[in-house]
Amino acid sequence: GVTEIGECAFYDCTSLKNIIIPEGVTGIVYRTFCNCSSLKEIIIPESVTEIGGGVFYGCTSLESITIPDSITSIGDIAFYGCTSLKSIIIPESVTKIDICAFYGCSSLEGIIIPESVTNIGFKAFSDCTSLESITIPNSVTKIGWEAFRGCTSLESVVIPKGVRKIEERAFAGCT
């Protein structure tokens, strides 16, 4: 009968390694798994429609995650500091990648942003130092301030004609 995992429910559970969220849960809200530094695997069912702000903040052992097609947004600082995160699949259902969503994911090598995304938020991928290339889909109209700042391995970026605004320092420090 659980439909939501509450705010900070597993905050600082540093020994938690794996979790399966039961079908029927619709929301994973603010900082649910924040600082679960041993969390390596999480299974999210299709019933979940929201990944809230800071849900996986500081989950330094999380290596990969598949976001179900039911998710429509990835909240602020959702994966902030997930330094072991190497890959992530963002489904077509996601329309916005919020502020600092993947900030400091220093092992993230590649990401496919689906055509459904229209906005890449402020510092969304800042300090993703292993990110080598990115293709921004035609649907994106705005790239936020410092969105890719400090992506020191970034070698190629494809920016489509649909982008109307690239905010300040979007690619600062991409040596």
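K165 is partly exposed, its relative accessible area being 46%. In this predicted model, the side chain of K165 meets that of E167 in a salt bridge, with N and O 4.0 Å apart. This pair belongs to a structure in which a complete search finds seven salt bridges. The chain that carries them has 14 strands and zero helices.

**Salt bridges**

- D98 and K96 join their side chains in a salt bridge with an N to O distance of 3.1 Å.
- The two partners differ in exposure: D98 is buried at a relative accessible area of 14%, whereas K96 is partly exposed at 35%.
- A further salt bridge connects E146 with K123, and their closest N and O atoms are 3.5 Å apart.
- E146 sits in the loop between β12 (142–143) and β13, while K123 sits in the loop between β10 (119–120) and β11 (133–135), so this pair ties together parts of the chain that are 23 residues apart in sequence.
- E146 has a relative accessibility of 4% and therefore counts as buried, the cut-off being under 20%.
- K123 is likewise buried, with a relative accessible area of 17%.
- E146 and K123 also take part in a network of salt bridges, whose other members are D127, R149 and R169.

**Nonpolar surface patch**

- V157, I159 and I166 make a nonpolar patch on the surface, with an area of about 220 Å².
- Of these residues, I159 is located in the loop that runs between β13 (156–158) and β14 (165–166).
- I159 has a relative accessible area of 38% and is partly exposed, so it passes the threshold of over 30% that a patch residue must meet.

**Surroundings of S61**

- S61 is placed in the loop between β5 (50–51) and β6 (64–66).
- Apart from neighbours within four places in sequence, the residues in contact with S61 are S37, S38, L39, K40 and S84.
- With one of these, S37, the link is through the backbone oxygen, which the side chain of S61 reaches at 2.6 Å.
- L39 is 22 residues away from S61 along the chain, and the C-alpha atoms of the two are separated by 5.7 Å.

**Overall architecture and dimensions**

- Read from the N terminus, the order of elements is β-β-β-β-β-β-β-β-β-β-β-β-β-β.
- The radius of gyration of the chain is 15 Å, which agrees with the value near 16 Å that a compact globule of 175 residues would have.
- The C-alpha trace spans about 45 × 25 × 20 Å along its principal axes.

**Burial, contacts and surface**

- Among the 175 residues of the chain, 50% count as buried.
- When contacts between residues at least 6 apart in sequence are considered, 23% join residues at least 24 apart.
- The chain has an accessible surface of about 7800 Å², and carbon and sulfur atoms account for 50% of this area.

Note on methods:
Residues numbered from 1 in each chain as written. Predicted model: local features only at pLDDT ≥ 70, side-chain atom pairs only at ≥ 80, totals over all residues. Heavy atoms only, no water. Patch = residues over 30% accessible without salt bridge, like charges linked within 9 Å, V, L, I, M, F, W, Y side chains within 5 Å. Areas by Shrake-Rupley, 256 points an atom, 1.4 Å probe, with all protein chains shown as cover. Helix = DSSP H or I, 4+ residues; strand = E, 2+ residues; numbered from the N terminus. Buried < 20%, exposed > 50% of the residue type's maximum accessible area, 1.4 Å probe, protein only. Contact = heavy atoms within 4.5 Å. Polar contact = N/O pair within 3.5 Å; in protein donor to acceptor, adjacent residues only side chain to side chain. Rg over C-alpha atoms; globule rule 2.2 N^0.38 Å.
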